[in-house]
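Work through the exercises below with the coordinates open beside you, and try each task before reading its solution.

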Amino acid sequence: MKKLIFTAVFALFTSILWAQESETVYNFLRLPVSAHVAALGGDNITVTDDDATFAFHNPALLAGVSDKTINLNFMSYMEGAKTASASFTKALKKQGTWFVGAQLMDYGDMKQTTVEGEIIGDVSAKDIMLCGAFEYPLAKRLFGGITAKFVNSDLAGFHSMAVGVDLGLNYYDESSGWSVSAVARNLGGQIKAYEDDFEKMPLDLQVGVTKRLMQSPLRFSATLTRLNDWHGRFANHIVIGADLLFSDNLYLAAGYNFRRADEMKISDSEGESSHGAGLSFGGGIMLERFKLSVAYGKYHVSSTSLNVNVSYQL
């Protein structure tokens with residue numbers, strides 16, 4: 001019955017994604033929480049390492065997370081803006097895994113002006129997301145997950161709230177090194193609008209695959225994103241990444257996001273250039289109880305971002 005419920009709910013919600021438009025609010029939910037995911041191009045739903053931050057991207061990946069793991073994350077964004085998150089994971093052995101988390105996006109202080117340009121004070125803007133997730137084994141190698149979200153936003157005196165869910169599936173065969181996933185992220189809508197017009201959540205239907213080359217330290221990933229919002233060229237829906245696994249305790253990763261590189265191209269006297277946007281890299285130390293991951297990427301043409309994750313198993 002649980003398998004049927006997961007399958008039916010996933011099919012129901014993913015079927016409505018194709019009618020959605022690209023104009024959305026709460027777009028901070030598209031940013032990578034996981035430094036490992038950030039290093040792999042910013043979108044990955046298939047790496048099955050013991051990393052609690054993967055649950056923010058695919059709740060089905062909680063199957064590989066150790067019991068009683070506490071996790072803290074921080075990422076610098078544009079000038080004056082930053083995002084942070086925290087989570088706690090509780091494994092229930094063969095009965096699944098629970099996860100609670102929170103994410104904060106702080107856009108900093110900005111000058112408030114009149115229509116004539118006169119400065120009349122400062123305003124701030126913040127987004128907060130609270131979530132709870134549950135993963136359950138559906139079959140020998142198949143796992144399902146669901147995340148419930150509550151989003152609260154305060155932008156210069158305007159306020160809104162929304163609720164949503166993420167639905168995820170992951171098939172992982174350790175003996176062959178294959179991992180395949182499908183995720184529907186940010187299904188839901190506003191329950192309180194900023195003004196009178198209700199806006200859409202940043203819905204994102206993703207599918208992905210990861211393959212480790214057996215007897216090799218190389219692992220490759222590819223993710224198709226925004227399949228519900230098909231605009232522009234096909235390449236803009238592709239994110240690719242690769243891991244170099246020196247051991248069970250140390251990795252280096254790099255990735256390329258075609259959409260980010262394309263959207264951040266700027267023109268000058270020498271032609272068009274994305275100035276490194278789209279390319280990301282990072283690494284991590286994965287000890288038995290302590291884990292540290294760091295990633296570098298560009299999410300805006302004016303600045304670079306550094307993403308840091310720290311986890312500890314209690």
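The exercises that follow concern a predicted model, and they move from charged pairs to strand pairing and then to backbone geometry in turns and loops.

**Exercise 1. A salt bridge across the sequence**

Task: Find which parts of the chain are tied together by the pair Lys 291 and Asp 50, and decide for each residue whether it is buried or exposed to some degree.

Solution: Begin with the general principle that side chains of opposite charge can pair when their charged atoms come close. Here the side chains of Lys 291 and Asp 50 meet in a salt bridge, with an N to O distance of 3.6 Å. Because Lys 291 belongs to strand β15 (residues 290-300) while Asp 50 sits in the loop between α2 (35-39) and β1 (69-76), the pair ties together parts that are 241 residues apart in sequence. For the accessibility step, the cut-off for a buried residue is under 20% relative accessible area. Lys 291, at 11% relative accessibility, therefore counts as buried, whereas Asp 50, at 22%, counts as partly exposed.

**Exercise 2. Other charged pairs**

Task: Describe the salt bridge of Lys 149 with Asp 166 and that of Asp 262 with Lys 265, and state how many salt bridges the structure holds.

Solution: Take Lys 149 and Asp 166 to begin with, whose side chains meet in a salt bridge at 3.0 Å, N to O. Lys 149 is in strand β5 (residues 142-155) and Asp 166 in strand β6 (residues 158-173), 17 residues apart, and both residues are buried. Turn next to Asp 262 and Lys 265, where the closest N and O atoms of the salt bridge are 4.0 Å apart; Asp 262 is partly exposed with a relative accessible area of 29%, and Lys 265 is partly exposed as well, with 39%. To complete the picture, Asp 49, Arg 219 and Asp 243 are linked in a network of salt bridges, and the structure holds 9 salt bridges.

**Exercise 3. Two hairpins that share β6**

Task: Determine how β6 pairs with β5 and with β7, and locate the residue with positive phi in each hairpin.

Solution: Start with β5 and β6, which run antiparallel and are joined by 14 bridges; within this pairing, Val 151 stands opposite Ala 162 in β6. Their hairpin has 2 residues between the strands, and Ala 156 takes a positive phi near 50° there. Continue to strand β7 (residues 178-192), which runs antiparallel to β6 and is joined to β6 by 12 bridges, with Ala 182 in β7 as the bridge partner of Leu 169. This second hairpin has 4 residues between its strands, and Gly 177 in the turn has a positive phi of about 80°.

**Exercise 4. Residues in loops**

Task: Place Gln 215, Arg 226 and Gly 278 in their loops, and describe the surroundings of Gly 278.

Solution: Gln 215 lies in the loop between β8 (204-212) and β9 (218-224), has a positive phi of about 60° although it is not a glycine, and is exposed with a relative accessible area of 83%. Arg 226 follows in the loop between β9 and β10 (238-247), and its phi near 50° is likewise a positive value in a residue other than glycine. Gly 278, finally, is found in the loop between β13 (271-273) and β14 (279-286) and counts as buried at 1% relative accessibility. Leaving out residues up to four places away in sequence, Gly 278 touches Gly 255, Tyr 256, Asn 257, Arg 260, Ala 261 and Lys 298.

Terms used:
Residues numbered from 1 in each chain as written. Predicted model: local features only at pLDDT ≥ 70, side-chain atom pairs only at ≥ 80, totals over all residues. Heavy atoms only, no water. Buried < 20%, exposed > 50% of the residue type's maximum accessible area, 1.4 Å probe, protein only. Pairing = 2+ DSSP bridges. Contact = heavy atoms within 4.5 Å.
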